[in-house]
Amino acid sequence: MEHRVFNFAAGPSMLPLSALERAGREIVNYQGSGMSVMEMSHRSKAFDTIFQSTKEKLRRALNVPEDYEILFLQGGASTQFSAIPLNLLGENGRADYALTGNFSTVACKEAAKYGTVRVAASSADKNHTYIPPQSALELDPAASYFYYCANNTIYGTEWQYVPETGPVPLVCDMSSDILSRPVDVSRYGLIFAGAQKNMAPAGLTVVILKKTLAGRHLPITPLMLTYETLIAKDSMYNTPPCWCIYMLGLVLDWLEEQGGVAGMEAVKRKKALILYDTIENSRLFSCPVEPSSRSDMNVVFRSESEELDKKFAAAATEAGFTNLKGHRSVGGLRASIYNAMPMEGVERLCDFLRQFEKGV
Ligand SMILES: *Cc1c(COP(=O)(O)O)cnc(C)c1O
């Protein structure tokens with residue numbers, strides 16, 4: 001316990017200590033079953049109970065309406081970059097994409113293999129340091145869906161509004177901010193997220209979709225990417241990521257104790273505010289992101305030089321604040337402060353930042 005660090009990694013990232021400890025207690029003998037969850041048949045009664053209760057907990061946490069299905073899949077968020085167009089492009093084969101960073105750009109390129117994809121908005125002109133406002137969205141009223149990435153993990157920006165697209169369904173990559181705030185799921189056609197940022201260990205992908213959107217997949221859609229089949233089989237066409245689903249259940253128990261997503265929202269705001277304030281008030285560091293587009297989950301910042309950034313990250317690691325290096329594609333520094341990062345970790349990082357500055 002004493003040796004745990006404050007881990008600011010972008011993903012896989014920190015998990016709530018209570019969830020890890022409970023998993024540890026149950027690891028060799030899950031609730032008298034005589035075996036680990038890792039050793040259980042996914043068709044067993046014990047696992048079915050875990051599966052269904054985790055699904056229910058997630059439905060409760062995000063207030064997911066009954067006409068939406070929750071899928072627990074493998075392949076990471078990136079596999080959904082392909083599954084989404086294959087399933088949702090439909091007959092006219094048209095989709096709108098907002099490009100606000102690396103992941104939405106990759107998703108757009110992938111969709112272009114299967115249909116006609118339009119760039120409805122882009123922040124590439126200013127190196128993705130802002131989120132385009134509603135007025136800048138050039139919408140195709142005949143698009144099968146509008147795609148955006150709610151939180152740009154690498155660039156540290158976050159949509160502070162839900163795009164208004166009329167009858168065109170919203171498809172959203174929430175990999176790095178799901179469960180950090182309440183979401184009106186009924187405004188979306190599909191929400192997806194890789195679990196390793198804010199939900200569970202890597203290996204689980206959550207898809208929440210309006211059931212009526214399934215069944216329009218292109219004929220070439222691989223079996224394992226077909227939402228209609230995955231819904232019909234309740235995510236168990238093949239073996240689901242059992243251990244990760246179990247871990248998600250434990251994380252959701254913790255989340256519920258903390259007041260659910262509303263509780264998370266209150267805390268994440270405070271954590272982000274104190275960190276951005278500290279950076280703004282520092283002599284060495286600055287944040288390149290437009291203030292109104294800043295992410296509460298991934299705080300990117302940098303000094304005047306790469307060398308000093310490196311020095312800072314190394315000194316921070318030494319002091320127990322790990323993984324502060326920015327993404328390899330953009331450099332600089334980044335503190336990912338997801339749900340499981342305690343307020344204390346952020347406060348102490350701020351202290352460390354001020355201390356470091358005094359020594360330079
Ligand atoms: C990490 C991340 C991804 C990629 O997730 P994988 O599960 O590794 O495929 C996609 N989108 C966003 C916003 C991410 O943060």
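The legends below describe close-up views of the ligand, the pockets and the cavity in a predicted model. In this predicted model, local features need pLDDT of at least 70 and side-chain atom pairs count only at pLDDT 80 or more, whereas totals for chains, interfaces and linings use all residues. Residues are numbered from 1 along each chain as its sequence is written, and side-chain values use heavy atoms, with hydrogens and water left out.

**View 1. The ligand and its shell of 13 residues.** Ser-78, Thr-153, Asp-173, Gln-196 and Lys-197 come nearest to the ligand; a residue is near if one of its heavy atoms lies within 4 Å. By class, the shell has four nonpolar, seven polar and two charged residues (Ala, Val, Leu, Ile, Met, Phe, Trp, Tyr, Cys and Pro count as nonpolar, Asp, Glu, Lys and Arg as charged, and the others, Gly among them, as polar). Helix α3 (residues 76-88) gives the largest share, four residues; helices are DSSP runs of H or I with at least four residues, numbered from the N terminus.

**View 2. Atom pairs between the ligand and the protein.** A nitrogen atom of the ligand is 2.6 Å from an N or O atom in the side chain of Asp-173. An oxygen atom of the ligand lies 2.6 Å from an N or O atom in the side chain of Lys-197, and an oxygen atom of the ligand is 2.9 Å from a polar backbone atom of Ala-77. The protein covers 85% of the 390 Å² of accessible area that the ligand has on its own (Shrake-Rupley method, 1.4 Å probe).

**View 3. The second largest pocket, where the ligand sits.** A pocket is an open set of points on a 1 Å grid over the protein atoms alone, with protein on both sides within 12 Å along at least five of seven lines, and its lining residues have an atom within 4 Å of a point. A molecule sits in a pocket if more than half of its atoms lie within 2 Å of the grid points. This pocket holds about 270 Å³ of space. Of its 19 lining residues, Gly-11, Phe-103, Thr-153, Gln-196 and Lys-197 are the closest to its centre. Helix α3 gives the most to the lining, with three residues.

**View 4. The largest cavity.** A cavity is a set of grid points where a 1.4 Å probe fits but cannot get out. The largest cavity has a volume of about 40 Å³. Its lining includes Met-14, Trp-254 and Ala-340, and divides into seven nonpolar, two polar and no charged residues.

Methods:
A polar contact is a pair of N or O atoms within 3.5 Å; within protein, one must be able to donate a hydrogen and the other to accept it, and residues adjacent in sequence count only if both atoms are side-chain atoms. Helices (H or I, at least four residues) and strands (E, at least two) are DSSP runs, numbered from the N terminus. Grid points are joined across faces, edges and corners, and a volume is the space filled by probe spheres set on the points.
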